[in-house]
Amino acid sequence: MILVFFGPPGSGKGTQAAKMIDKYGLVHISTGDLFRYEMGNNTPLGLEAKSYMAKGELVPDSVTIGMLRNKVEAHPDAAGFIFDGVPRTIPQAEALDEMLAEKGSSVHALIALQCDDEEIIQRIKKRGETSGRPDDNDENIIRNRIQVYKNETTPVFDFYAGHGKSHSIVGIGDIEEIFDRISAVVDQL
Ligand code: AMP
């Protein structure tokens, strides 16, 4: 089972992905977490990503796709994957599809969590109180991340919709309720 968890920053992708992994035993790949790990270790990749992340811009596709490939190839025997925060551009989606095709596989579904801007700004600010993420603690950067999502990332929804794979879920409500909505979609795949 290969799922893409999709939605604006703060829509609950990470929270819901963690619950899905427990239920279905999938490998979770969050490019945001991977970049933060690299940054924390001051690796060349982390240093390259840092300036983009600080501004709420996307890290260039070439860098992101290379990191994604390494991570996918590190799990040759995975029962499945949840991609969280990736693909964020059409070239990333095409690269992901190509990597999966090489393994004789493909994305089964994209699950999009829908949430309005003011709700996610409040959620991200709250997360910022404990996340220690600089990009969660500045409203201008948060708003830029939302704008970047709208401009650069939403076409990915249409890309998979073109293959009948995109599903929209209302991402407002309590965590269990949202998880039940996602499970209902996944159980029908
Ligand atoms: P996230 O944790 O998913 O909100 O990502 C935090 C930041 O990491 C984003 O604002 C981007 O700067 C960078 N990032 C994460 N995933 C990607 C991706 N797939 N493509 C480009 N940049 C990314």
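Helices and strands are DSSP runs, at least four residues for a helix and at least two for a strand, numbered from the N terminus. I use those labels below for a predicted model.

**Entry 1: a proline in a loop**

I looked up Proline 87 and placed it in the loop between strand E3 (81-84) and helix H5 (90-102). The peptide bond joining valine 86 to proline 87 is cis. I noted its omega as about 0°.

**Entry 2: an asparagine with positive phi**

Next I went to asparagine 42, which lies in the loop between H2 and helix H3 (44-55). Its phi is near 50°, which I wrote down as a positive value in a residue other than glycine.

**Entry 3: the fold as a list**

I counted secondary structure elements and got eight helices and five strands. Reading along the sequence, I wrote the order as β-α-β-α-α-α-β-α-β-α-α-β-α.

**Entry 4: overall dimensions**

I took the extent of the C-alpha trace along the principal axes and got about 40 × 40 × 30 Å. What radius of gyration does the protein have, set against that of a compact globule with 189 residues? I found 16 Å for the protein, and a compact globule with 189 residues would be near 16 Å, so the two agree.

**Entry 5: where the ligand is**

I then turned to the ligand, which sits in the largest pocket. I listed 16 residues around the ligand. The closest of them are Thr31, Arg36, Glu57, Arg88 and Gln92.

Which helix gives the most to this shell? Helix H2 (residues 31-40) does, and I credited it with four residues. Sorting the shell by residue class, I had six charged, five polar and five nonpolar.

**Entry 6: polar contacts to the ligand**

I went through side chains with an N or O atom within 3.5 Å of an N or O atom of the ligand. For threonine 31, a side-chain N or O atom is 2.8 Å from a nitrogen atom of the ligand. For arginine 36, a polar side-chain atom is 2.9 Å from a ligand oxygen atom. For arginine 133, I read 3.4 Å between a side-chain N or O atom and an oxygen atom of the ligand.

How much of the ligand's surface does the protein bury? Taken alone, the ligand exposes 470 Å², and I noted that the protein buries 96% of that area.

Key. Residues are numbered from 1 along each chain as its sequence is written. This is a predicted model: local features need pLDDT of at least 70, side-chain atom pairs count only at pLDDT 80 or more; totals for chains, interfaces and linings use all residues. Side-chain values use heavy atoms; hydrogens and water are left out. A residue is near a molecule or strand if one of its heavy atoms lies within 4 Å of it. A polar contact is a pair of N or O atoms within 3.5 Å; within protein, one must be able to donate a hydrogen and the other to accept it, and residues adjacent in sequence count only if both atoms are side-chain atoms. Accessible areas come from the Shrake-Rupley method with a 1.4 Å probe; for residues, only the protein chains shown count as cover. On a 1 Å grid over the protein atoms alone, a cavity is a set of points where a 1.4 Å probe fits but cannot get out, and a pocket is an open set with protein on both sides within 12 Å along at least five of seven lines; lining residues have an atom within 4 Å of a point. A molecule sits in a cavity or pocket if more than half of its atoms lie within 2 Å of its grid points. Ala, Val, Leu, Ile, Met, Phe, Trp, Tyr, Cys and Pro count as nonpolar, Asp, Glu, Lys and Arg as charged, and the others, Gly among them, as polar. The radius of gyration is taken over C-alpha atoms; the globule rule is 2.2 Å times the number of residues to the power 0.38.
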